Amino acid sequence: MRIGLATSPGGPERPNEDWAAVATPASGQGGTLVTLDGVTPPKGDDGCVHSVAWFTARLGGTLVELSGSRPDLTLQDVLATAIRRTADTHRTTCDLSHVRTPQATVVLARWGGPADDVEHLVLSDSTLLIESPDGTVRAVLDDRLDRLPREALRTHAAADALRNSEGGFFTAAADPGVAARAVTGRTPRTAVRSLAALTDGASRWVDMFAQGDWSDCLALLRTEGAEALIGRVRALEVSAQERTEVIRWKLHDDATAVFAEL
């Protein structure tokens, strides 16, 4: 098994809110991959005394533990339990009903279980790539946020109205029920050569700058590595800024890429 992982903060003014890990059991059989992209709230009250980085570290650690030690749980059950446990750690100090309570996108994959399948779960706008032995690459996407009209997200209040609500988009926050909204599936282990997970700061290479398709992206991760992909994204961002082009959302975003050849 070969693993590559790189992450880069969007800028020096705030900590990196992405979180990622790949773990294998002591037996060396199977493994789990977790990648989170913390949702940066607008300035103002979010009802919580903790940072987004605090939240992603605790949710990510719990996801690794549960997905690696509880093969009896589905990945939706793993996510729901991890959200509940994380919420319990700050329920008495924070208003978890606040719409901007710390939250994150989720990519979760697990392989080597009793059925010897590769299971996957994606919630919100991070990306999971699944490569077959013949080189075909399938992107697993939760595109609910992308399907919303740009006008519907023009203000913070408008985005808040759509956050974790029917007809809007969903993230892992404090409600375990959101796990049922995740995109899930499974693939026979023999049909998977490698996996890659990208937060939206890294997937810009494909979906913002159109430097290649998902197959090209995975090939780049295999040949040059996760750090090279993020480096290319940063160079493209700077180049666009110099040409005074408009960058969607913000110039730089936290960027994380994980590659696992099974």
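Good morning. I begin with a helix contact: Phe55, Arg58, Leu59, Thr62, Leu63, Glu65, Leu66 and Ser67 of α1 meet Val78, Leu79, Thr81, Ala82, Ile83, Arg85 and Thr86 of α2. Sorted by class, this contact of α1 with α2 comprises eight nonpolar, four polar and three charged residues. I should state at once that the model under discussion is a predicted one.

Let me turn to the geometry of this pair. Two packed helices are described by the angle between their axes and the distance between the axes. Helix α1 covers residues 52-69 and helix α2 residues 75-88; they pack at an angle of about 135°, and their axes lie 9 Å apart. Angles over 145 degrees would count as roughly antiparallel, and α1 and α2 are therefore oblique to each other. The crossing of α1 and α2 is right-handed.

I now move to the sheets. Strands of a sheet pair through backbone hydrogen bonds, either parallel or antiparallel. One open sheet here has five strands in the order β1-β10-β9-β6-β7, and its pairing is antiparallel. Its edge strands are β1, residues 2-8, and β7, each of which pairs on one side only. On average, neighbouring strands of this sheet are turned by 10° against each other, direction ignored.

Two helices pack on this sheet. Helix α6, residues 214-223, touches β1, β6, β7, β9 and β10, and its direction makes about 100° with that of β9. Helix α7, residues 226-242, touches β1, β9 and β10, and its direction makes about 30° with that of β1.

Within the sheet, consider β6, residues 127-131, and β7, residues 137-141, which pair in the antiparallel sense over five bridges. Which residue of β7 is the bridge partner of glutamate 131? The partner is valine 137. Isoleucine 130, in turn, has arginine 138 of β7 as its bridge partner. Five residues lie between β6 and β7 in this hairpin, and in the turn glycine 135 has a positive phi of about 95°.

Finally, I come to strand β3, residues 31-38. Is β3 mostly covered or mostly exposed? Eight of its eight residues are buried. Both faces are covered, with Gly31, Leu33, Thr35 and Asp37 buried on one side and Thr32, Val34, Leu36 and Gly38 buried on the other. Strand β2, residues 18-23, is joined to β3 by six bridges and runs antiparallel to β3; tryptophan 19 has leucine 36 as its bridge partner in β3. Eight bridges join β3 to the antiparallel strand β4, residues 104-111, where alanine 104 stands opposite glycine 38.

Thank you for your attention.

Key
Residues numbered from 1 in each chain as written. Predicted model: local features only at pLDDT ≥ 70, side-chain atom pairs only at ≥ 80, totals over all residues. Heavy atoms only, no water. Axes fitted to C-alpha atoms, helices over the stretch in contact; angles between N-to-C directions. Helix = DSSP H or I, 4+ residues; strand = E, 2+ residues; numbered from the N terminus. Parallel < 35°, antiparallel > 145°, perpendicular 65-115°, else oblique. Left-handed = near helix turned anticlockwise from the far one by under 90°. Contact = heavy atoms within 4.5 Å. Nonpolar A, V, L, I, M, F, W, Y, C, P; charged D, E, K, R; others polar. Pairing = 2+ DSSP bridges. Buried < 20%, exposed > 50% of the residue type's maximum accessible area, 1.4 Å probe, protein only.
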